[in-house]
Amino acid sequence: MRSVKSLAQLQALGLAEASPALDAVAEKYAIGVTPAMQDLIDPADPDDPIARQFVPSAAELTVTPQERADPIGDLSHSPVTGIVHRYPDRVLLKAVHVCPVYCRFCFRREMVGPQGLGTLTGAELDAAMAYIAAHEEIWEVILTGGDPLALSARRLRDLMVRLAGIDHVRIVRFHTRVPVVEPERIDAEMVAALTASGKTTYLAVHANHPRELTPAARAGFDRLLAGGIVLVSQSVLLRGVNDDVETLAALMRGFVENRIKPYYLHHPDLAPGTGHFRVGIEEGQRLVAALRGRVSGLCQPAYVLDIPGGHGKADIAAASIRGGDGCFTVRDWQGNEHAYPPAG
Ligand code: SF4
């Protein structure tokens, strides 16, 4: 089995129909489905949650006025190519803009893919590293993109060696789909490449449905953990993929069972042509509240929205407390309200 990179290949596998609308989608946005994800798709299920994430849909041609090419405002916080410096103590380092899969809901869909922003040139990478070295307030470097693990182990090792030479950088965090969508790439060489003496490596595993946590993915998580890498999760709340509490609970439990601490549940961003994936914020809040009542505190991610325009993340779970002047009403997980402090 090979990675699918075109509509024609998807059609040959019976995963997409021939249609001018899909041709138009494929013209605009990259396609990528790895063998591991092809294997997971149930072609008999028209609503398959894995297919929905990777197989293009004519709905992607519907762009609403609120949607934008740079939904989380990366470009307004980019002092040099490849760096996004939104918060004082951390930067994004976007070394590469390709991915092994192309998620139909991707928030950077206008930047990734073969026609996207590409990989940093040597000179651009030098400038990005010089920026990090010159800013002593940068404690954490977050490699994202694109998928940073699309780079070879050799290039990742080179990056880590360069970061290891910058004393004030203490944490390196990778955001990646690879352990799930291409688990065979998580071999000893890759694991070694992701660590560097004196730095702590975190890796945020991107998965959206419990079926993605396959035995092969689990073996990859074990190799990463054995290599001393701390694992956290990131998921996107997606209509038709995980917008029910049973699926979310199974996903979060799956992470915890694999020693991956649930970290972020993203509200879907206003990327062009992704309206069919977006749930309402009130609906998201209800789901997150239901999750709180159902599964262990270990399984609770932060439900976050990247504020359009580059204003950073906000926790958007419904507040469970209101009031003031020392007198509050607190809501429990069943929706019942209680006074705090309780009446004497
Ligand atoms: S792997 Fe990440 S960057 Fe790549 S298409 Fe999916 S969401 Fe976008």
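Let me begin with one residue, M37, which counts as buried because it has 24 C-beta neighbours inside 10 Å, where buried means that 20 or more other C-beta atoms, placed from the backbone, lie within 10 Å of the residue's own, while 12 or fewer makes a residue exposed and anything in between partly exposed. Before going on, I should say that this is a predicted model, in which local features need pLDDT of at least 70 and side-chain atom pairs count only at pLDDT 80 or more, whereas totals for chains, interfaces and linings use all residues. Residues are numbered from 1 along each chain as its sequence is written.

M37 is found in helix α3, residues 35-40; helices here are DSSP runs of H or I with at least four residues, strands are runs of E with at least two, and both are numbered from the N terminus. Leaving aside neighbours within four places in sequence, M37 is in contact with I50, F54, V101 and V181, contact meaning that the two C-beta atoms, placed from the backbone, lie within 7 Å. V181 is 144 residues away from M37 along the chain, yet their C-alpha atoms are separated by 6.0 Å.

V101 also appears in the surroundings of the ligand, together with C99, Y102, C103, C106, R108, V112, G145, G146, D147 and R177, a residue being included if its C-beta atom, placed from the backbone, lies within 6 Å. This shell divides into six nonpolar, two polar and three charged residues.

Turning to the whole chain, we have 11 helices and 12 strands. The radius of gyration, taken over C-alpha atoms, is 21 Å, close to the 20 Å that the globule rule gives for 344 residues, so the chain is as compact as a globular protein of that length; the rule is 2.2 Å times the number of residues to the power 0.38. Of the 344 residues, 40% count as buried, and among contacts between residues at least 6 apart in sequence, 78% join residues at least 24 apart.

Finally, the sheet: nine strands form an open sheet with mixed pairing, in the order β1-β2-β3-β4-β5-β6-β7-β8-β9, two strands being paired if DSSP finds at least two bridges between them. Its edge strands, each pairing on one side only, are β1 (83-87) and β9 (313-315). Within the sheet, β7 (residues 261-266) and β8 (residues 302-306) pair in the parallel sense over three bridges, and L265 stands opposite Y303 in β8.

Notes. Ala, Val, Leu, Ile, Met, Phe, Trp, Tyr, Cys and Pro count as nonpolar, Asp, Glu, Lys and Arg as charged, and the others, Gly among them, as polar.
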